[in-house]
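Open the model in your viewer and get ready to select residues by number. We will take a short tour, one stop at a time.

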Amino acid sequence: MVTTRHGFKGVLAGLLLACLCVQGAIAADVNGIKFDDTAKVAGKDLVLNGAGMRTKFIVKVYAAGLYLTEKKNTVADIAKLEGPRRLALVMVRDVSSESFGESFMTGINNNVGDAEKAKYVSQISKFGEMFGAIPGLKKGDVLHLDWIPGSGTVTELNGKKIGEVVPDLGFYNAVLRIWIGDKPADGSLKPALLGGR
């Protein structure tokens, strides 16, 4: 009787450990920041395409995860995808709204041509106003940049919507190029978001 009970407990412990190992393998861990393997956006289940750390002069700034309807490893394939998308940023240090806004504009200027920028000038301006309206980003803050078909680019800070909805998919793709474009904000983060290691 005792042997059976211990044997049963051993099997349960083994199953629990196996489940935990599988779960750990599915979700991404970026320097202690965990990204779920899926996210629900606009009622759709998205998969984690990739995740990595944004560093600036060796200082860790935020962890980023890209969620798509299906895994893709090129910018062109991502731009063609139908359905919602999410870029999730988890801050690992405090950043002022001015600094974050400047980084955003630098990323846009480095990856978006003049003609395309002219097309999205009012939308870029709205994003600038949004960053100016928040006091800054604190360590642990979670920023979501979501593309929602039929609506537009929706930005949330810690689950609360900030700024206006920006209705153009081309603009969302331009914003994504800050991280995955030809001149990304961080050369090691780009391949991580594109599913590389």
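Select residues 85-91. This is strand E6, and in this predicted model seven of its seven residues are buried. Buried here means under 20% relative accessible area.

Now show the side chains of E6. On one side you find Arg85, Leu87, Leu89 and Met91, all buried. On the other side sit Arg86, Ala88 and Val90, buried as well. Both faces of the strand are covered.

Which strands pair with E6? Add residues 59-68 to your selection. That is strand E5, which pairs with E6 in the antiparallel sense over six bridges. Pick out tyrosine 62: it stands opposite methionine 91 of E6.

Next, add residues 142-148, strand E9. E9 and E6 also pair in the antiparallel sense, over six bridges. Look for arginine 86 in E6, with aspartate 146 of E9 standing opposite.

Clear the selection and move on to residues 97-111. This is helix H3, with 15 residues. From first C-alpha to last, H3 reaches 21 Å, close to the 21 Å expected at 1.5 Å a residue.

Which residues of H3 are buried? Colour Ser97, Phe100, Gly101, Phe104, Gly107, Ile108 and Asn111. Why do these buried residues lie on the same side of H3? They cover an arc of only 125 degrees around the axis, and that puts them on the same side. An α-helix has 3.6 residues a turn, so residues three or four places apart point the same way.

Last stop: turn to the face of H3 that points away from its buried side. Select Glu98 and Glu102 there; both are exposed.

Methods:
Residues are numbered from 1 along each chain as its sequence is written. This is a predicted model: local features need pLDDT of at least 70, side-chain atom pairs count only at pLDDT 80 or more; totals for chains, interfaces and linings use all residues. Side-chain values use heavy atoms; hydrogens and water are left out. Buried means under 20% relative accessible area, exposed over 50%, partly exposed in between (1.4 Å probe, protein chains only). Helices (H or I, at least four residues) and strands (E, at least two) are DSSP runs, numbered from the N terminus. Two strands pair if DSSP finds at least two bridges between them. The expected span of a helix is 1.5 Å times one less than its number of residues. The arc is that of the directions from the helix axis to the C-beta atoms.
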